[in-house]
Amino acid sequence: MKRIFPHFLGPAPGQAASLHFAAGCPDNLVEMDINHNPLRSDLFTDPIQVVDGEIAIPSQPGLGWQLRYE
């Protein structure tokens, strides 16, 4: 069996999709850039947050996060 560790370095919607994909993989791991990126850090009303090495994926429809439109 091959191990899969998804990663994404672009805007927040792509990162959210990678997180959903990783949640369905056997290891449930994802590689994530922690540097500030406005297209990732500021694009959602509630940014993706890592707490103690874990990310809670929202249960709302779609990717679960809402875009900030202003």
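**Core, pocket and exposed positions in a predicted model**

Y69 is placed in the segment after α2, where helices (H or I, at least four residues) and strands (E, at least two) are DSSP runs numbered from the N terminus. With a relative accessibility of 73%, Y69 counts as exposed; here buried means under 20% relative accessible area, exposed over 50%, and partly exposed in between (1.4 Å probe, protein chains only). Between Y69 and D46, 23 residues apart in sequence, the C-alpha to C-alpha distance is 12 Å.

The structure is a predicted model, in which local features need pLDDT of at least 70 and side-chain atom pairs count only at pLDDT 80 or more, while totals for chains, interfaces and linings use all residues. Residues are numbered from 1 along each chain as its sequence is written, and side-chain values use heavy atoms, with hydrogens and water left out.

A good place to go next is the interior. In soluble globular proteins, nonpolar side chains tend to be buried together. The largest nonpolar core in this model has six residues in all: A12, A16, L19, F44, I48 and W65. A nonpolar core is a set of buried Ala, Val, Leu, Ile, Met, Phe, Trp, Tyr and Cys residues joined through side-chain atoms within 4.5 Å.

One member of this core, A12, lies in helix α1 and is buried, since its relative accessibility is 0%. Apart from neighbours within four places in sequence, A12 is in contact (heavy atoms within 4.5 Å) with L39, R40, L43, F44 and I48. A12 and K2 are ten residues apart in sequence, yet their C-alpha atoms are 27 Å apart in space.

I48, another core member, is found in the segment after α2 (38–41). Its relative accessibility is 13%, so I48 counts as buried. When neighbours within four places in sequence are set aside, the contacts of I48 are A12, Q15, A16, L19, M32, I55 and W65. The partner Q15 is 33 residues away from I48 along the chain, and the two C-alpha atoms are separated by 8.7 Å.

Q15 itself belongs to helix α1 and is buried, at 0% relative accessibility. Not counting residues up to four places away in sequence, Q15 touches F8, V30, M32, R40 and I48. L19, also part of the largest nonpolar core, has contacts with V30, I48, I55, I57 and W65 once neighbours within four places in sequence are left aside.

The aromatic side chains add a further detail. Rings of Phe, Tyr and Trp (its six-membered ring) pair if their centres lie within 6.5 Å; planes under 30 degrees apart count as stacked, over 60 as edge-to-face and the rest as tilted. By this rule there is one aromatic pair. The ring centres of F44 and W65 are 5.7 Å apart and the planes are at 5°, so this pair is stacked. Both F44 and W65 lie in the segment after α2, so the pair ties together parts that are 21 residues apart in sequence. F44 is buried, with a relative accessible area of 2%, and W65 is buried as well, with 11%.

Attention can now turn to open space. Rolling a probe the size of a water molecule over the atoms shows where empty space is left. On a 1 Å grid over the protein atoms alone, a pocket is an open set of points where a 1.4 Å probe fits, with protein on both sides within 12 Å along at least five of seven lines; lining residues have an atom within 4 Å of a point. The largest pocket has a volume of about 280 Å³, a volume being the space filled by probe spheres set on the points, which are joined across faces, edges and corners.

Of the 13 residues that line the largest pocket, L19, N28, V30, G53 and I55 lie nearest its centre. Helix α1 (residues 12–23) gives the largest share of this lining, three residues. The lining holds ten nonpolar, two polar and one charged residues, where Ala, Val, Leu, Ile, Met, Phe, Trp, Tyr, Cys and Pro count as nonpolar, Asp, Glu, Lys and Arg as charged, and the others, Gly among them, as polar.

N28 also has a phi near 55°, a positive value in a residue other than glycine. N28 sits in the loop between α1 and β2 (31–32) and is partly exposed, with a relative accessible area of 49%. D52, in the segment after α2, has a positive phi near 55° too, and D52 counts as exposed at 78% relative accessibility.
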